[in-house]
Amino acid sequence: PHAVVVAGARPNFIKVKPVIDALTADGVRTTLVHTGQHYDEAMSGVFFADLGLRPPDHHLEAGSGSHAVQTAAVMTAFEPLLLRLAPDVVVVVGDVNSTLACALVAAKAGVAVAHVEAGLRSGDRAMPEEINRIVTDRLSDLLFAPSPEGVAHLVAEGVPPESVHLVGNVMVDTLLACRERARARPTLAELGLRSGGYGLVTLHRPSNVDDPEVLDGLLAALGEIAGRCPLVFPVHPRTANRLVGRLPAGLRLLGPVGYLDCLALQMGARLVLTDSGGVQEESTVLGVPCLTLRDNTERPITVTEGTNRVVGRSPDAVVAAAFEWLERPPPPRCPALWDGRAGQRISAVLVRTFAGSGGGQDL
Ligand code: UD1
Ligand code: UDP
């Protein structure tokens, strides 16, 4: 069989790595397509280097833009390529615009769509990712859920149960594979940080950083927390654009860091404050206390079976929760099936489904 695997944004690179490795080990031909949604070295290139991910076979160079402009740019470039490649299946991961764009093109071209990280729902349609999740799942033929509530959402939405596979979490596959290399990095020493002596912040959700009032409130809260526990904050480019003209007091700002450095920073952190989906999961696997600065999460299992707590965006609530967890951290726990074998389970299903197919063109 032949699988086209799509990646476009920072978290996608981390998710496709174990899928490509498992497919390759099982003898499946893969074509890696980079949509170009993220393009800075610090948002793209460094992940290929850190993960040992092979260079993309095709680059669509879609770039930044409004939702419609970016989604359309990916679709327009992906359609002719897909028609030439004529694979058995297009594998999309996560919930970014590239995920939706390629799923939509494939579904209309009559190519099977497999969605890795299916069934996540925040219940909040003001999040662009929620729209991407709902539509991508609706278009998908094979749906790979990381946790049981994902399966439940899909079945409740009318997806045939035989299309849904509970496989575990590919982010965790990559984390476990890279953990020792991250531990060996000089990241903390180079930044003058002591393990257990600082907190890590990541923020990039439009709901937190695009509204100046919300952003200023969160920065003030973080500044207050930093008075008790120094905070390092690798800044996403969306957020960097919003920080122009602002001088967040007390925070140590860095550019976006590579994957191994980010894992090293999480492992050494006493507390993580984030609005990232992936970081909620990683902190749970690492047993590090995590406060999610959002009103909801599409990953509730990190709360019920992990070290995450959803604290909202009110500055007082964020400060109170941080002070509480600096004193009394939650016990480490990890969801079942987050065991480093999700990629292998996904590959096994794809091999079973497409066995015997020659799979289109090499280009
Ligand atoms: C996207 C995803 C989000 C994901 C995040 C991961 C969507 C709708 N959003 O958000 O779900 O959590 O990626 O990081 O797909 N920029 C650069 N350099 C880059 C990339 C972006 O400077 O390499 C800047 C541009 O000004 C761009 C802005 O960041 O307009 C936002 O980028 P975009 O890909 O549209 O959305 P993200 O906020 O990164
Ligand atoms: N990450 C990283 N460098 C950073 C911030 C995050 O390598 O400066 C990693 C993080 O460890 C996780 C992934 O990027 O593996 C999460 O991506 P992001 O927060 O951009 O997107 P989300 O998961 O919210 O979609």
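I take helices and strands as DSSP runs, numbered from the N terminus. With that settled, I count 16 helices and 13 strands in the chain. I keep in mind that this is a predicted model.

**Overall shape**

I looked up the extent first. The C-alpha trace spans about 60 × 40 × 40 Å along its principal axes. Next I checked the radius of gyration. A compact globule of 363 residues would have a value near 21 Å, and the chain has 20 Å, so the two agree.

I then asked what share of the contacts with a separation of 6 or more joins residues 24 or more positions apart. I find 68%.

**Surface and charge**

I noted an accessible surface of about 14,000 Å² for the chain. Carbon and sulfur atoms hold 54% of that surface. I also counted charges: 32 side chains are positive and 39 are negative. The centres of the two sets lie 3 Å apart.

**Inside the chain**

I find that 58% of the 363 residues are buried. In soluble globular proteins, nonpolar side chains tend to be buried together. I went looking for such groups here.

The largest nonpolar core has 59 residues. Which residues have the most contacts inside it? I list Phe144, Tyr259, Leu265 and Leu350.

I followed Phe144 further, leaving out residues up to four places away in sequence. Its contacts include a run of Ala114, His115, Val116, Glu117 and Ala118. Phe144 also touches His165 and Val167, and then Ile346, Val349 and Leu350.

I noted a second, separate core of 29 residues. Val209, Leu243, Leu251 and Leu293 are among its members.

**Helix H12**

I turned to H12, residues 259–268. Is this helix mostly covered or mostly open? I find it mostly covered, with nine of its 10 residues buried. Tyr259 and Leu265, which I listed above for the largest core, are among the buried residues of H12. So are polar names such as Asp261 and Gln266, which are buried in H12 too.

**Helix H1**

I picked two residues in H1, which covers residues 10–25. Pro11 lies in this helix. Its relative accessible area is 28%, so I call Pro11 partly exposed; the band for that runs from 20% to 50%. Pro11 and Val167 are 156 residues apart in sequence, and their C-alpha atoms are 18 Å apart.

Ala25 is also in H1. Is Ala25 buried or exposed? I enter it as exposed, because its relative accessibility is 67% and the cut-off is over 50%. Ala25 and Ser347 are 322 residues apart along the chain. Their C-alpha atoms are separated by 9.0 Å.

Notes. Residues are numbered from 1 along each chain as its sequence is written. Chains are lettered from A and ligands numbered from 1 in the order in which they are written. This is a predicted model: local features need pLDDT of at least 70, side-chain atom pairs count only at pLDDT 80 or more; totals for chains, interfaces and linings use all residues. Side-chain values use heavy atoms; hydrogens and water are left out. Helices (H or I, at least four residues) and strands (E, at least two) are DSSP runs, numbered from the N terminus. The radius of gyration is taken over C-alpha atoms; the globule rule is 2.2 Å times the number of residues to the power 0.38. Buried means under 20% relative accessible area, exposed over 50%, partly exposed in between (1.4 Å probe, protein chains only). Contact means heavy atoms within 4.5 Å. Accessible areas come from the Shrake-Rupley method with a 1.4 Å probe; for residues, only the protein chains shown count as cover. Lys and Arg count as positive and Asp and Glu as negative; His and the chain ends are not counted. The place of a charge is taken as NZ of Lys, CZ of Arg, CG of Asp or CD of Glu. A nonpolar core is a set of buried Ala, Val, Leu, Ile, Met, Phe, Trp, Tyr and Cys residues joined through side-chain atoms within 4.5 Å.
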